[in-house]
Amino acid sequence: MKDETKGAEVRNYRPIACLPTTFKLLTGIIAEHIYGHLNRNGLLLDEQKGCRRKTRGTKDQLLTNKMVLKNCRRKHTNLNMAWIDYNKAYDMVSHSWILESVTSVGIAENIKGLLKNSMGNRKTLNAYGTTLGEVNIWRRIFQGDSLSPLLFVIAIIPLTRMLRQCDIGYQLVTF
């Protein structure tokens, strides 16, 4: 669907989440505890550097790719590479999958309940702050919330585990 006045794709726009500061503070504290739980239990996988501390996220992954390519060229090894590009990643994760994933990594029920309630109570506002009506939003993670990147990483842990179980690909030995 095109917006004829600007010639832009409507699907390229998303609503802005106006989150209260107290909500951001609360989710920041929760994110710290969840991160600690994932770290202590070895649940935060190496393939996902986006939320890992003491890494440079994408830069680390790009350096790893460069090292693999260099090593394969040096050893004259055949190599096939694949990357998964999550187009509008935060928009694509369903709330039910987030809750399922959070359960699979053993997050406490009270935190799961808070997440479920915060995802289910969304309203659309106009520019003047009045409610236009309730809109059922069944997917999307809040942007601008410190918990959101961690929820996304948790949501893709099952995919990462499945890819690991295939036991194919370049075996990277780290020291």
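This is a short walk through one protein structure, from its overall layout to a few single residues. The model is predicted.

Start with the whole chain. The protein has 175 residues. It holds 6 helices and 4 strands. Read from the N terminus, their order is β-β-α-α-α-α-α-β-β-α. So two strands open the list, five helices follow, then come two strands and a helix, as the order β-β-α-α-α-α-α-β-β-α spells out, with helices and strands numbered from the N terminus.

Next, look at inside and outside. Buried residues account for 30% of the 175 residues. The accessible surface of the protein is about 13,000 Å². Carbon and sulfur atoms supply 56% of that surface. How far along the chain do contacts reach? Take the contacts between residues at least 6 apart in sequence: 64% of them join residues at least 24 apart.

Now turn to single residues, beginning with I154. This residue sits in helix 6, which covers residues 148-165. Is I154 buried or exposed? Its relative accessibility is 1%, and the cut-off for buried is under 20%, so I154 counts as buried. What does I154 touch, once neighbours within four places in sequence are set aside? Its contacts are I34, L38, S101, V102 and V105. W97 offers a distance to check. I154 and W97 are 57 residues apart in sequence, and their C-alpha atoms are 9.9 Å apart in space.

V105 leads on to another residue, H37. H37 also contacts V105, along with L43, G106 and I107, again leaving aside neighbours within four places in sequence. H37 belongs to helix 1, residues 21-40. H37 has a relative accessibility of 18%, so it counts as buried under the 20% cut-off.

Step back along the chain to L19. This residue lies in the loop between strand 2 (8-9) and helix 1. A loop residue can be buried too: L19 has 16% relative accessibility and counts as buried. Which residue can be paired with L19 across 126 positions of the chain? The partner is D145, and the two C-alpha atoms are separated by 7.8 Å.

Now move to the surface around helix 2, which spans residues 58-75. A patch of positive charge gathers there on the surface, made by K66, K70, R74 and K75. K75 lies in helix 2. With a relative accessible area of 53%, K75 is exposed, because exposed means over 50%.

A nonpolar surface patch comes next. L69, M81 and W83 make this patch, and its area is about 300 Å². L69 lies in helix 2. At 31% relative accessibility, L69 counts as partly exposed. M81 is in the loop between helix 2 and helix 3. M81 has 30% relative accessibility and also counts as partly exposed. Which residues does M81 contact, beyond its neighbours within four places in sequence? They are N65 and L69. So one contact of M81, the one with L69, joins two members of the nonpolar patch, where contact means heavy atoms within 4.5 Å. V68 gives a distance here. M81 and V68 are 13 residues apart in sequence and 10.0 Å apart in space, C-alpha to C-alpha.

The last stop is H76. This residue is placed in the loop between helix 2 and helix 3 (89-92). At 72% relative accessibility, H76 counts as exposed. What sets the backbone of H76 apart? Its phi is positive, at about 55 degrees, although H76 is not a glycine. Most residues other than glycine have a negative phi.

Look back over the route. I154 in helix 6 is buried, and so is H37 in helix 1. K75 in helix 2 is exposed, as is H76 in the loop that follows helix 2.

Key
Residues are numbered from 1 along each chain as its sequence is written. This is a predicted model: local features need pLDDT of at least 70, side-chain atom pairs count only at pLDDT 80 or more; totals for chains, interfaces and linings use all residues. Side-chain values use heavy atoms; hydrogens and water are left out. Patches are made of residues with over 30% relative accessible area and no salt bridge: like charges are joined within 9 Å, nonpolar side chains (Val, Leu, Ile, Met, Phe, Trp, Tyr) within 5 Å. Accessible areas come from the Shrake-Rupley method with a 1.4 Å probe; for residues, only the protein chains shown count as cover. A salt bridge is a side-chain nitrogen of Lys or Arg within 4 Å of a carboxyl oxygen of Asp or Glu. Lys and Arg count as positive and Asp and Glu as negative; His and the chain ends are not counted. The place of a charge is taken as NZ of Lys, CZ of Arg, CG of Asp or CD of Glu. Buried means under 20% relative accessible area, exposed over 50%, partly exposed in between (1.4 Å probe, protein chains only).
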